[in-house]
Amino acid sequence: MKNLDSVFAAYLIGWGVFFLFYLTIAKRTSDLRTEIERLRALLPRGK
Amino acid sequence: MSLLSNTATLLGKELRTEFRSRELLTTTVVFILVVLILFSFAISPTAEESREFGPGLLWLAILFAASLMLQPCFLREQSNDTLSSLRLAVDDPFAIFLAKLVANTLFLLLTEILMLPLFSVFYNIPILPQLRYLLLVLLLGSLGISIAGTALSAISAQARMRELLLPLLLLPLLTPILVVSATVSVSLLEREPVVLWKGIGFLAIFDLVFLTALWLFGEYLLEE
Amino acid sequence: MAKRIILGAVAVLLVIASAYASFYIAPEERTMGVIQRIFYFHVGSAWAGMDAFLVCFIANLLYVWRRQEKYDWLGVSSAEVGLVLTTVVLITGPIWAHPVWGIWWTWDARLTSTFVLWLLYVSYLLLRTLVEEQDRRALLSSLFGIFAFLDVPLVFGAIRWWRTQHPSPVIMGGQGSGLDPTMKKVFFFTVLAMNVFAGFLIVERYILEKLKHEVDILQREAEA
């Protein structure tokens with residue numbers, strides 16, 4: 001099982017990249033949702 | 001046919017504009033020369049290595065030169081806002097692209113032909129024996145560079161940082177041209193030359209694909 | 001909202017299942033041993049990346065035809081997801097190569113082509129940052145996206161042909177090396193899992209783009 005750590009490294013780094021990507025999307029999405037709420041509150045005319 | 005006559009007229013305009021100042025041609029020739037010399041300094045090739053790497057380096061230099069030479073293609077039209085007049089003057093906007101790409105191909109070819117003797121001397125590669133095949137590769141390769149380059153320069157002209165953007169868009173796109181042209185050229189200039197017809201066919205296919213794409217989508221590239 | 005959670009859950013489950021299969025169901029490869037198990041993840045990501053770029057291509061065509069911004073949102077989302085997947089391919093490739101060959105990179109045909117693919121879509125995203133006006137940005141990037149995708153088979157074809165002229169070590173068990181039937185099943189299952197996962201990422205990214213648009217509208221209203 002000599003190269004097992006390389007295999008683990010590949011999976012770890014790969015999924016790390018995907019996870020990071022998803023995290024940045026999720027964070028920006030929630031930031032935008034907050035921003036939308038804030039802006040909606042500023043426009044009281046039933047928009 | 002209206003398309004051909006429009007193209008011919010516009011082509012005349014492109015050629016006259018360039019030959020009035022000849023700045024594009026001279027700067028491109030000098031640029032390729034400088035790049036080839038710099039390659040020699042960087043690699044210090046032996047005679048054998050020159051033969052092996054020379055053609056590839058020549059194509060690399062052509063690509064770099066082309067990505068600079070193609071900049072003014074649409075920028076020129078922007079400075080005097082001649083693009084709208086051009087579009088009004090022709091029925092088919094493809095004529096504008098056709099004229100420009102033929103002009104660009106001619107400029108590139110002329111540059112390359114001027115370069116060939118110098119290349120032959122600096123890299124110690126006799127080019128006369130296989131000249132007609134070499135010219136064929138130069139033609140097909142330059143055509144491919146011009147077609148893609150003309151299309152992309154219409155895009156980059158409408159963006160910021162256009163001097164850096166055009167090479168950035170163009171060079172990855174032209175990888176097939178570089179790889180195939182260089183391989184075919186190396187094979188032509190070997191001690192026992194071989195004509196790689198598959199490669200030449202591939203270049204023709206590349207040209208066809210992008211010419212068709214330009215024909216289909218060109219008008220959108222010119223939208224205001 | 002519920003649909004998104006279900007999609008996400010299904011994606012994660014499939015991915016975990018495929019990882020399990022890669023390690024416990026697929027037989028060990030004779031020559032390379034356990035390192036070969038990277039193959040499922042590495043090539044699975046590559047295929048999912050290509051599918052994402054195909055989605056981008058279709059979105060680009062639809063935008064040029066229909067001019068509806070949702071197609072632009074889909075275009076940028078699928079391009080980014082495709083790029084992320086391709087990045088993982090480029091990272092796992094050398095991790096596979098190093099224990100087996102002792103080198104990180106050999107300009108192997110598929111890895112090289114993948115690198116050019118990566119460059120093309122980096123250029124696509126870069127182009128978008130350099131055009132400020134929304135509609136123009138959508139149009140120009142869609143047109144470049146179309147040219148880029150048309151280039152992809154030419155890139156892979158050209159580099160593969162080039163490699164037949166100048167052979168070098170093939171990193172990822174050559175094309176022809178028949179896969180054991182169980183390996184094949186695990187592979188296609190992994191491709192399915194990676195595609196569903198890519199689809200999930202595209203949906204999430206698309207929603208982000210849509211929200212950005214909503215914020216823009218609200219901001220403009222608030223300033224009015």
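In the predicted model, B:Arg22 adopts a positive phi of about 55 degrees just after helix H1 of chain B. Most residues other than glycine have a negative phi. A second residue of chain B, B:Asn124, also departs from that rule, with a phi near 55 degrees although B:Asn124 is not a glycine. B:Asn124 is situated in the loop between H6 and helix H7 (131-156) of chain B. It counts as partly exposed, because 14 C-beta neighbours lie inside 10 Å, a number between the limits of 12 or fewer for exposed residues and 20 or more for buried ones. In chain C, a positive phi of about 55 degrees is found at C:Trp107, likewise a residue other than glycine. C:Trp107 belongs to the loop that joins helix H3 (69-101) to H4 of chain C. With 14 other C-beta atoms within 10 Å, C:Trp107 is partly exposed.

The helix that precedes B:Arg22 is H1(B), which covers residues 2-21. Its 20 residues reach 30 Å from the first C-alpha to the last, close to the 28 Å expected at 1.5 Å a residue. Four residues of H1(B) are listed as buried, namely B:Asn6, B:Thr7, B:Leu10 and B:Glu14. Viewed down the axis of H1(B), these buried residues fall within an arc of 100 degrees, so they line one face of the helix. That face packs against helix H6 (94-122) of chain B. The other side of H1(B) carries exposed residues: B:Leu4, B:Ser5, B:Gly12, B:Arg16, B:Phe19 and B:Arg20.

H7(B) provides a further example from chain B. This helix has 26 residues and reaches 35 Å between its first and last C-alpha atoms, close to the expected 38 Å at 1.5 Å a residue. Of these 26 residues, 20 are buried, so H7(B) is largely enclosed by the rest of the structure. In helix H3 of chain B, which covers residues 47-69, B:Leu60 is found. B:Leu60 counts as partly exposed, because 18 C-beta neighbours lie inside 10 Å. Its C-alpha atom is separated by 9.6 Å from that of B:Val179, a residue 119 positions away along the chain.

Taken as a whole, chain B contains 10 helices and 0 strands, and its elements from the N terminus on are α-α-α-α-α-α-α-α-α-α. The radius of gyration of chain B is 18 Å, close to the 17 Å that the globule rule gives for 224 residues, so chain B is as compact as a globular protein of that length. Along the principal axes, the C-alpha atoms of chain B fill a box of roughly 55 × 30 × 30 Å. Buried residues account for 46% of the 224 residues of chain B. Among the contacts in chain B with a separation of 6 or more, 81% are made by residues 24 or more positions apart.

Chain B is also in contact with chain C: 26 residues of chain C meet 26 residues of chain B. On the chain C side, helix H4 (109-129) and helix H5 (134-165) each supply at least two residues. H5(C) gives the most to this side, with 17 residues. The residues of chain C that touch chain B divide into 22 nonpolar, 2 polar and 2 charged.

The geometry of H5(C) was examined as well. At 1.5 Å a residue, the 32 residues of H5(C) should span 46 Å, and its end C-alpha atoms are 45 Å apart, which agrees. Within this helix, a bend of about 30 degrees occurs at C:Asp151, and a proline, C:Pro153, follows within four residues.

Chain C is in contact with chain A too, where 29 residues of chain C meet 26 residues of chain A. The side of chain A that touches chain C consists of 17 nonpolar, 4 polar and 5 charged residues. Chain A itself has 1 helix and 0 strands. Buried residues make up 19% of its 47 residues.

Conventions:
Residues are numbered from 1 along each chain as its sequence is written. Chains are lettered from A and ligands numbered from 1 in the order in which they are written. This is a predicted model: local features need pLDDT of at least 70, side-chain atom pairs count only at pLDDT 80 or more; totals for chains, interfaces and linings use all residues. Two residues are in contact if their C-beta atoms, placed from the backbone, lie within 7 Å. Ala, Val, Leu, Ile, Met, Phe, Trp, Tyr, Cys and Pro count as nonpolar, Asp, Glu, Lys and Arg as charged, and the others, Gly among them, as polar. The expected span of a helix is 1.5 Å times one less than its number of residues. The arc is that of the directions from the helix axis to the C-beta atoms. The radius of gyration is taken over C-alpha atoms; the globule rule is 2.2 Å times the number of residues to the power 0.38. The bend at a residue is the angle between axes fitted to the seven residues ending there and the seven starting there.
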